[in-house]
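Here are some exercises to work through with the model open beside you. Try each task before you read its solution.

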Amino acid sequence: MNKIRKIGIIGAGNMGEALIAGFLKSKAFSPQDVYASEIIEKRRKYITSNYHIKCFDDLKNLVESSDLIMIAVKPYDVKNVLESIGKEITPEKTLLSIAAGIKLDYMKKYLPEDVPIIRVMPNIACFVREGMMAVCSSDNTPKEKLEAVKDVLSLLGRVIILDEKYFDAVTGLVGSGPAYIYLVIEALSDAGVRLGLPRDVAITLSAQTTLGAGKMVVETGEHPAKLKDMVVTPGGTTIEGLVELERGRVRATLIDAVIKATERAKELSKA
């Protein structure tokens with residue numbers, strides 16, 4: 001009864017495409033199991049051509065065809081989407097939103113009382129099934145439905161259930177975090193180029209180094225500080241680099257970046 005067989009994604013922008021790509025790469029869903037809706041014709045054609053899924057220009061067909069309806073539009077477009085699907089969605093279906101700052105109580109106002117609502121904050125790495133996702137749900141969401149959604153999202157990466165009060169911070173860290181890491185990878189590769197490495201080589205070295213470091217934290221469960229000390233040799237090369245990073249306030253700047261993004265998420269929730 002709670003098995004999700006058909007997924008409909010409203011909005012086929014960057015995150016919508018990441019969800020589509022991740023689900024199809026998982027092989028758990030075929031192109032016949034995933035639908036999208038997109039108002040921009042050029043984008044609809046792109047999604048249809050690249051992923052061979054149905055991409056509707058209206059929401060009614062998507063809602064009728066899907067068990068799980070995922071809202072992947074900009075926060076300021078969520079109201080229009082909810083007003084459009086409010087009379088179409090039934091309690092047998094599940095609504096999920098990835099819109100930053102849009103709270104469960106806000107969405108409830110536009111939907112029938114018994115419709116389960118789930119809020120998710122994912123990131124762009126869902127595209128390669130290495131995403132990080134936080135999930136919370138409305139009070140009327142049955143445990144079985146929440147577990148079914150969690151299982152489906154797990155196809156895209158790691159999933160944790162969190163209280164909604166943490167979601168602004170999760171947005172600043174998880175949602176925006178990949179952009180910070182891409183900046184770090186770009187800077188590391190720039191350093192490699194400055195030192196004479198070909199650009200493509202420098203990017204590969206930087207990206208794989210970052211990937212490996214993150215994987216060690218996840219798989220070992222060790223504190224990053226302990227893993228950092230495993231790399232540092234007394235009087236060696238790494239400690240010299242770390243001293244420069246501390247001089248440049250890299251640690252404090254990254255903390256400030258997450259805080260600023262979190263503050264913006266809070267602003268969106270009040271809009």
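**Exercise 1. The second largest pocket**

How many nonpolar, polar and charged residues does the lining of the second largest pocket have?

Solution. Before counting, note that this is a predicted model, in which local features need pLDDT of at least 70 and side-chain atom pairs count only at pLDDT 80 or more, while totals for chains, interfaces and linings use all residues. Residues are numbered from 1 along each chain as its sequence is written, and side-chain values use heavy atoms, without hydrogens and water.

Step 1: fix the terms. On a 1 Å grid over the protein atoms alone, a pocket is an open set of points where a 1.4 Å probe fits, with protein on both sides within 12 Å along at least five of seven lines, and lining residues have an atom within 4 Å of a point. Ala, Val, Leu, Ile, Met, Phe, Trp, Tyr, Cys and Pro count as nonpolar, Asp, Glu, Lys and Arg as charged, and the others, Gly among them, as polar.

Step 2: count by class. The lining has 22 nonpolar, 10 polar and seven charged residues.

Step 3: find the place. The second largest pocket holds about 1100 Å³, a volume taken as the space filled by probe spheres set on the grid points, which are joined across faces, edges and corners. It is lined by 39 residues, and those closest to its centre are Met-15, Ala-72, Val-73, Lys-74 and Pro-75.

Step 4: assign the helices. Helices (H or I, at least four residues) and strands (E, at least two) are DSSP runs, numbered from the N terminus. H1 (14-26), H4 (78-85), H7 (167-175), H8 (177-194) and H12 (250-270) each supply at least two lining residues. With four residues, H12 gives the most.

**Exercise 2. Two positive phi angles**

Find where His-52 and Arg-129 lie, and say how accessible each one is.

Solution. Step 1: recall the background. Most residues other than glycine have a negative phi.

Step 2: look at His-52. Though not a glycine, His-52 has a positive phi of about 60°. Look for His-52 in the loop between H2 (41-51) and S3 (54-56). His-52 counts as exposed because its relative accessibility is 59% (buried is under 20% relative accessible area, exposed over 50%, partly exposed in between, with a 1.4 Å probe and protein chains only).

Step 3: look at Arg-129. Arg-129 is not a glycine either, and has a positive phi of about 60°. Its loop runs between S6 (117-121) and S7 (131-137). Arg-129 is partly exposed, because its relative accessibility is 33%.

**Exercise 3. Strand S1 and helix H7**

Work out which way the residues of S1 point, which strand pairs with S1, and what covers H7.

Solution. Step 1: follow S1 (residues 7-10). Ile-7 and Ile-9 point one way, Gly-8 and Ile-10 the other way, and all are buried.

Step 2: find the partner. S1 pairs with S2 (residues 34-37) in the parallel sense over four bridges; two strands pair if DSSP finds at least two bridges between them. Ser-37 in S2 is the bridge partner of Ile-10.

Step 3: turn to H7. Phe-167, Asp-168, Val-170, Thr-171, Gly-172 and Val-174 are buried there. Their cover includes S6, S7, H8 and H12, where contact means heavy atoms within 4.5 Å.
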